[in-house]
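I opened this model to look up the surroundings of its ligands and a few backbone details. My notes follow in the order in which I checked things.

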Amino acid sequence: MPWCGMDIGGTLTKLIYFEPTDVSPEEAQQEKETLKTIRKYLTGNVAYGKTGIRDKHLEMPGQWMEGRRGTLHFIRFPTSDMNAFVEMAKAKNFPSLATSVCATGGGAFKFEEEFQRRLNLRLCKFDELDCLIRGIHYIDRNSMTSECYYYSEPTNPLLCKKLSFDFREPYPYLVVNIGSGVSILAVHSQRNYKRISGTSLGGGTFLGLCCLLTGCQTFEEAIELAADGDNTNVDKLVRDIYGGDYGRFQLSAQTVASSFGNMICPEKRESASRADLARATLVTITNNIGSIARMCAVNEGIERVVFVGNFLRVNLISMQLLAYAMDYWSHGTMKALFLEHEGYFGATGCLLHLMSLSKGEISDTDGDSLLSDTGSLSSTDL
Ligand SMILES: Nc1ncnc2c1ncn2[C@@H]1O[C@H](COP(=O)(O)OP(=O)(O)OP(=O)(O)O)[C@@H](O)[C@H]1O
Ligand SMILES: CC(C)(CO)[C@@H](O)C(=O)NCCC(=O)O
């Protein structure tokens with residue numbers, strides 16, 4: 001049976017698949033054809049249908065799960081394509097292998113009835129933030145390569161570089177999960193965390209506004225446009241208001257005083273390019289998240305702030321901006337940290353919850369357990 005964890009988010013669905021690599025010839029002989037077909041399909045491709053992608057560069061070989069050795073695969077597709085996913089699952093005869101599947105994220109609740117009706121699969125649901133914390137802990141400790149990194153000298157573009165960070169003693173830390181919206185958590189230990197804040201101005205806002213303002217169609221296109229743009233053609237800076245620094249309160253001339261503030265002027269609207277608008281949208285959303293994160297960190301007395309979520313995918317601009325903002329506004333006392341597996345921690349935690357569920361250590365949010373009469377993971381559960 002395939003071991004999968006699924007995180008059905010507001011924009012993207014993330015799927016983690018554990019591929020056992022220690023299958024003996026006898027086991028292989030006994031294995032159901034459907035299972036072999038699914039394994040081959042998932043591991044033999046990097047693209048699924050029109051929009052599914054396997055992030056091969058994030059693959060984690062040499063993992064141990066339930067005494068089995070194998071590889072973790074990381075797959076994503078837009079949640080808006082759930083219908084195509086359900087059709088694919090039907091076509092590959094998924095339901096013949098399982099009676100239930102583990103899922104987290106808002107979609108685990110939203111799509112529960114649909115999975116039951118169309119695939120005859122019960123969704124074992126887990127809380128997305130529990131899964132997030134568990135996933136971060138697991139991947140950081142089990143990744144063969146360094147997972148956690150930061151940008152040194154973020155205030156100096158010439159010296160700024162990516163360096164690995166030793167996250168073995170991480171507590172306490174703040175997690176800022178930038179998905180469609182943003183959740184901010186204070187984490188004091190593996191089992192002790194609280195959601196302290198959030199904002200609806202997140203990755204979904206960036207992409208939504210960018211589509212409206214520039215006519216772009218995808219996240220990748222939006223980021224590429226932003227890379228070529230200049231937000232100072234769109235934003236009003238301190239220098240546009242003061243003619244220089246506002247020295248008394250340490251606001252430098254280059255600081256954005258008013259995001260999109262230049263767009264009240266018809267000539268400036270006329271001369272701002274699509275790329276400038278994309279860049280200004282990215283900078284506005286990123287700075288706002290950075291500012292909220294910093295205030296939360298100050299309130300909680302926490303110095304390490306870990307930014308995750310798919311908003312940071314292929315988005316060096318935002319990561320360096322966050323690194324800069326945390327360093328600059330905290331006068332060097334706070335550090336922005338990043339993790340290589342960006343948006344996959346929820347799905348990873350979900351897979352780990354499946355393992356715990358199978359041992360009877362936990363139950364899902366409905367209080368259901370997966371234990372069969374023998375006390376082991378039932379072969380009809382994914
Ligand atoms: N290929 C992509 N398609 C759409 N958005 C993308 C893509 N790659 C990165 N993103 C960005 O990632 C964000 C979604 O991130 P993520 O998958 O972490 O959140 P989610 O789980 O969908 O949302 P939420 O947790 O709020 O339900 C999008 O809003 C967008 O800014
Ligand atoms: C609703 C969730 C938790 C779904 O992942 C996320 O999109 C979020 O944290 N949004 C921000 C909600 C708020 O304003 O706190």
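Entry 1, a cis peptide. I began with P172, which sits in the loop between β10 (161–164) and β11 (173–178). The model is predicted, and I read each entry with that in mind. The bond joining Y171 and P172 is a cis peptide, with omega at about -10 degrees.

Entry 2, ligand 1. I looked up which residues surround ligand 1 and found 20, of which G10, T11, K14, S180 and R313 come nearest. I then went through polar atoms facing oxygen atoms of the ligand. S180 places a polar side-chain atom 2.7 Å from an oxygen atom of ligand 1. For G203 I noted a backbone N or O atom 3.0 Å from an oxygen atom of ligand 1. A polar backbone atom of G204 is likewise 3.0 Å from an oxygen atom of ligand 1. Alone, ligand 1 exposes 650 Å², and the protein buries 87% of that area.

Next I sorted the shell around ligand 1 by element. Two or more residues come from each of β2 (12–20), α7 (203–214) and α8 (219–227). The largest share is that of α7, with 3 residues. By class I recorded 5 nonpolar, 10 polar and 5 charged residues in the shell around ligand 1.

Where does ligand 1 lie with respect to domain 1 and domain 2? Residues of its shell come from both domain 1 (3–134 + 344–359) and domain 2 (161–232 + 272–339), so ligand 1 lies between them.

Entry 3, ligand 2. I listed the residues around ligand 2 as E128, G181, V182, S183, R195, G198, T199 and S200. The side chain of S183 has an N or O atom 2.7 Å from an oxygen atom of ligand 2. From the backbone, V182 has an N or O atom 3.3 Å from an oxygen atom of ligand 2. For G181 I found a polar backbone atom 3.5 Å from an oxygen atom of ligand 2. On its own ligand 2 has 400 Å² of accessible area, and the protein covers 55% of it.

I repeated the sorting by element for this shell. β12 (182–187) and β13 (193–199) each supply at least two residues around ligand 2, and β13 gives the largest share, 3 residues. The classes are 1 nonpolar, 5 polar and 2 charged residues.

Entry 4, D140. I located D140 in helix α6 (residues 128–142). Is D140 buried or exposed? Its relative accessible area is 15%, and the limit for buried is under 20%, so I entered D140 as buried. Its side chain makes a polar contact with the side chain of R141 at 3.5 Å. Apart from neighbours within four places in sequence, I found D140 in contact with E147, C148 and F167.

Entry 5, positive phi. I looked for positive phi values in residues other than glycine and noted E66, with phi near 50 degrees. E66 lies in the loop between β5 (60–65) and β6 (68–78). With a relative accessible area of 37%, E66 is partly exposed.

I also noted F260, which is not a glycine and has a positive phi of about 65 degrees. F260 is in the loop between β15 (256–258) and α10 (266–271). Its relative accessible area is 24%, and I logged F260 as partly exposed.

Terms used:
Residues numbered from 1 in each chain as written. Chains lettered and ligands numbered in written order. Predicted model: local features only at pLDDT ≥ 70, side-chain atom pairs only at ≥ 80, totals over all residues. Heavy atoms only, no water. Near = heavy atom within 4 Å. Polar contact = N/O pair within 3.5 Å; in protein donor to acceptor, adjacent residues only side chain to side chain. Areas by Shrake-Rupley, 256 points an atom, 1.4 Å probe, with all protein chains shown as cover. Nonpolar A, V, L, I, M, F, W, Y, C, P; charged D, E, K, R; others polar. Domains from an automatic or database assignment. Buried < 20%, exposed > 50% of the residue type's maximum accessible area, 1.4 Å probe, protein only. Contact = heavy atoms within 4.5 Å.
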